[in-house]
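Welcome, and do come in. A visitor is about to ask a guide some questions, and you are invited to listen along.

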Amino acid sequence: MNIIVPVKLVPDLVEELSIDASGTALDTAWLRMIINEFDDHAIEQAILLKEKTGAQVTVLSMNIEGVDDLLFAAAARGADRLIKLNGDFVNASNNHALARAMATLIQDLKPDLILTGVQAHNDLDGSIGPRISNYLGMPYVGYISGVNISDDKVIVRKEYPGGLIGEMQVSLPALLGIQAAEQPPRYVAISKVRQMMKTMSIEELDLATLDSMGAPVVNRMFQPETTERATMLSENAEDAANQLVNIFKELGVL
Amino acid sequence: MNQDIFVAVEHLRGKVSDISYIMLAAAHDLAQNTGGKVVALLLGLNAQQLAGNLNADQVLYADHSLLTDFNPEAYQRTLIGIIDEYKPRAVLFGHTSIGTDTVGCISAQLGLPLVSSVRTIEANNKLISQICGGKIMAECNLPEPIALITLVPGGYKPEQGQSTQSPPVTAIPVQVLDGLRILLNKYIEPETSDVDISKEPLLIAVGRGIQNQDNISLAEELAQAIGGVVCASRPVVDQGWLPTSRLVGKSGSTVKPKVYLAIGISGAPEHVEAITGSDVIIAINTDSAAPIFNIAKYGTTADLFDLVPALTEKIKNIKG
């Protein structure tokens with residue numbers, strides 16, 4: 001079983017985001033990038049499957065700043081093979097272009113199963129998983145929170161609103177959009193990641209020219225207007241606690 | 001090519017989802033600009049009655065046993081056939097477990113542009129998308145030739161997409177659906193629990209800001225003191241710190257309490273859509289730019305680790 005996990009770095013939303021001078025994109029100069037949380041779950045799900053079935057897990061990602069740390073951390077968690085993809089991600093890093101270019105490379109890796117995050121918070125042109133699946137002629141199911149391999153198919157748990165789960169069977173090879181792994185992404189000690197930096201190597205593959213056709217052209221980006229912003233209470237915990245007590249009383253819950 | 005706006009209606013186990021009505025409302029805005037009709041696409045088995053209150057000029061209904069329940073592959077194939085034949089100006093999908101499973105493959109297969117996470121349609125068919133956890137909005141033009149769009153809730157009310165007059169329903173032929181590689185085995189009901197958070201009047205909700213499992217007790221102590229129930233956003237449940245029955249959000253419960261106290265919750269759209277029915281939202285978050293403050297009535301950037309214990313103590317003193 002050959003499992004491929006395409007992942008990407010996204011801006012850390014804990015940081016303050018700002019728009020660049022063009023007014024149409026995020027200012028990346030100061031952005032701290034972290035792994036897309038759903039991709040993090042996809043890696044975990046792949047490692048869980050490896051532990052159950054002895055699958056080989058390959059994690060691949062775009063070669064931008066921070067990718068080495070991301071890949072070595074994946075190796076410390078159990079990934080067998082690490083690949084970074086070279087390309088011009090500044091001007092054409094949308095999912096229409098990436099999916100087209102990545103599908104060809106992934107095909108060469110002969111995947112039985114591809115796991116990737118169901119979405120990323122900065123996907124403006126849809127998530128990448130369904131597009132790659134289509135180019136590879138594989139079935140796609142997303143919002144997955146559980147995967148079991150059963151011979152030539154996988155049995156998956158697909159999430160619907162209200163906590164309802166649809167149990168589906170999907171023929172392999174297939175691509176799954178992971179919402180959550182069966183257990184939270186495992187923690188690995190920094191020392192183990194450092195050890196991987198010494199013992200593992202990262203392969204590099206060149207992406208074909210990125211073709212953005214079909215991706216939306218952004219006229220402008222902006223921060224949402226805050227017309228109905230909350231009435232802000234004190235920043236001081238003690239004062240805020242007193243204010244909240246009064247509010248709870250007014251609302252009749254205290 | 002015509003100027004009609006199609007809506008891929010979503011329904012689950014015999015009930016049309018709210019996002020379908022929200023899409024119909026948005027479709028009317030688009031159709032007003034293009035001068036076309038609003039056409040609802042309904043896929044199912046013996047499901048014509050679901051068309052009854054759709055606010056659409058027309059319903060195209062595809063009936064097939066393999067469309068009884070949602071199946072990504074069956075939906076894709078059926079909708080690809082319809083889009084290819086009718087060539088509408090735009091097709092709306094929900095930014096949901098159903099819509100996003102369908103639209104990406106259609107976009108790739110037909111080579112059509114896709115704009116996702118659209119919240120509102122503005123003048124001249126400018127599409128406003130909500131990305132980066134609700135912190136950034138992006139404006140795009142309605143792309144040519146056939147725009148595929150996923151819609152998030154928040155910009156339109158479901159009632160705007162409902163009508164008391166039944167729209168005309170046209171049955172359409174369904175593509176051959178044999179050889180599907182995806183099959184639904186069964187539904188698994190949500191786990192039952194001691195409490196039903198969708199019915200609780202006072203919810204103490206914790207998010208990523210709570211940092212670790214031990215800190216959940218801060219919320220539990222507060223809930224116990226004031227007489228509320230603890231619930232959580234996705235990251236907390238994914239970590240296994242609270243059971244799925246306490247999950248508020250897209251895949252969890254939609255809640256409508258009298259008071260929703262959001263502790264360390266940033267207010268990502270998937271969470272916000274499930275709490276907008278609350279009477280009063282109060283947010284505690286050290287990030288003053290957190291989107292939760294845009295929907296909360298009251299907010300504070302005080303550190304939750306100082307504020308929550310202080311609040312619990314005060315409430316205990318009052319209640320004696």
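What follows is a conversation about this predicted model.

Visitor: How many helices and strands does chain B have?
Guide: Let's begin with the outline of this chain. Its C-alpha trace spans about 70 × 45 × 35 Å along the principal axes. The secondary structure of chain B comprises eight helices and 17 strands.

Visitor: Why does chain B count as being as compact as a globular protein of its length?
Guide: The globule rule gives 20 Å for 320 residues, and the value for chain B is close to that, so the chain is as compact as a globular protein of that length. Buried residues make up 57% of chain B. The radius of gyration behind this comparison is 22 Å.

Visitor: And in chain A, what percentage of the residues are buried?
Guide: Chain A has seven helices and 13 strands, and its C-alpha atoms fill a box of roughly 60 × 45 × 40 Å along the principal axes. Among its contacts between residues at least 6 apart in sequence, 71% join residues at least 24 apart. Of the 254 residues in chain A, the buried share is 48%.

Visitor: Which strands are at the edges of the open sheet of six strands?
Guide: The order of this sheet is S13(A)-S17(B)-S16(B)-S15(B)-S13(B)-S14(B), with parallel pairing. An edge strand here pairs on one side only. That leaves strand S13 (231-232) of chain A and S14 of chain B.

Visitor: Through which helix does the chain cross from S13(B) to S14(B)?
Guide: Strand S13 (residues 202-206) of chain B runs parallel to S14(B), and four bridges join them. Val206(B) stands opposite Ala232(B) in S14(B). Between the two strands the chain makes a right-handed β-α-β crossover, and the helix in it is H4 (residues 216-226) of chain B.

Visitor: Which strands of the sheet does H4(B) touch?
Guide: This helix packs on the sheet, and its direction makes about 170° with that of S13(B). The strands of chain B that H4(B) touches are S13, S14 and S15 (259-263).

Visitor: In S14(B), which residues point the other way from Val229(B) and Cys231(B)?
Guide: In a regular strand, side chains alternate between the two faces of the sheet. Strand S14 (residues 229-232) of chain B has Val229(B) and Cys231(B) pointing one way, and its residues on both sides are buried. Pointing the other way are Val230(B) and Ala232(B).

Visitor: Which helix gives the most to the largest nonpolar core?
Guide: Nonpolar side chains tend to be buried together in soluble globular proteins. The largest nonpolar core here has 131 residues, and Val7(B), Ala40(B), Leu41(B) and Leu92(B) have the most contacts inside it. With ten residues, the helix that gives the most is H1 (residues 18-34) of chain B.

Visitor: What does Leu92(B) touch?
Guide: Leaving out residues up to four places away in sequence, the contacts of Leu92(B) include Ile5(B), Val7(B) and Ala8(B). Also among them are Met23(B), Ala26(B) and Ala27(B). The list is completed by Ile149(B) and Leu151(B).

Visitor: Why does Gly104(B) count as buried?
Guide: Gly104(B) is found in helix H3 (residues 99-110) of chain B. Among the residues it touches are Gly126(A), Ser127(A) and Arg131(A). A residue is buried if 20 or more other C-beta atoms lie within 10 Å of its own. Gly104(B) counts as buried because its C-beta neighbours inside 10 Å number 34.

Visitor: How many residues of H2(A) are buried?
Guide: Among the buried residues of this helix are Val67(A), Leu70(A) and Phe72(A). Helix H2 (residues 67-77) of chain A is largely enclosed by the rest of the structure, because the buried ones number nine of the eleven.

Visitor: In the hairpin of S7(A) and S8(A), which residue takes a positive phi?
Guide: Strands S7 (residues 140-150) and S8 (residues 153-159) of chain A run antiparallel and are joined by five bridges. Asn148(A) stands opposite Ile155(A) in S8(A). Two residues sit between the strands of this hairpin, and the one with a positive phi, near 55°, is Asp151(A).

Visitor: And in the hairpin of S8(A) and S9(A), which residue takes a positive phi?
Guide: S8(A) pairs with strand S9 (residues 165-171) of chain A in the antiparallel sense over seven bridges. Arg157(A) stands opposite Glu167(A) in S9(A). This hairpin has five residues between the strands, and the residue with a positive phi, near 80°, is Gly162(A).

Conventions:
Residues numbered from 1 in each chain as written. Chains lettered and ligands numbered in written order. Buried ≥ 20, exposed ≤ 12 C-beta atoms within 10 Å, placed from the backbone. Pairing = 2+ DSSP bridges. Right-handed = clockwise from strand over helix to strand, strands pointing away. Contact = placed C-beta atoms within 7 Å. Axes fitted to C-alpha atoms, helices over the stretch in contact; angles between N-to-C directions. Core = buried A, V, L, I, M, F, W, Y, C linked by C-beta atoms within 7 Å. Rg over C-alpha atoms; globule rule 2.2 N^0.38 Å.
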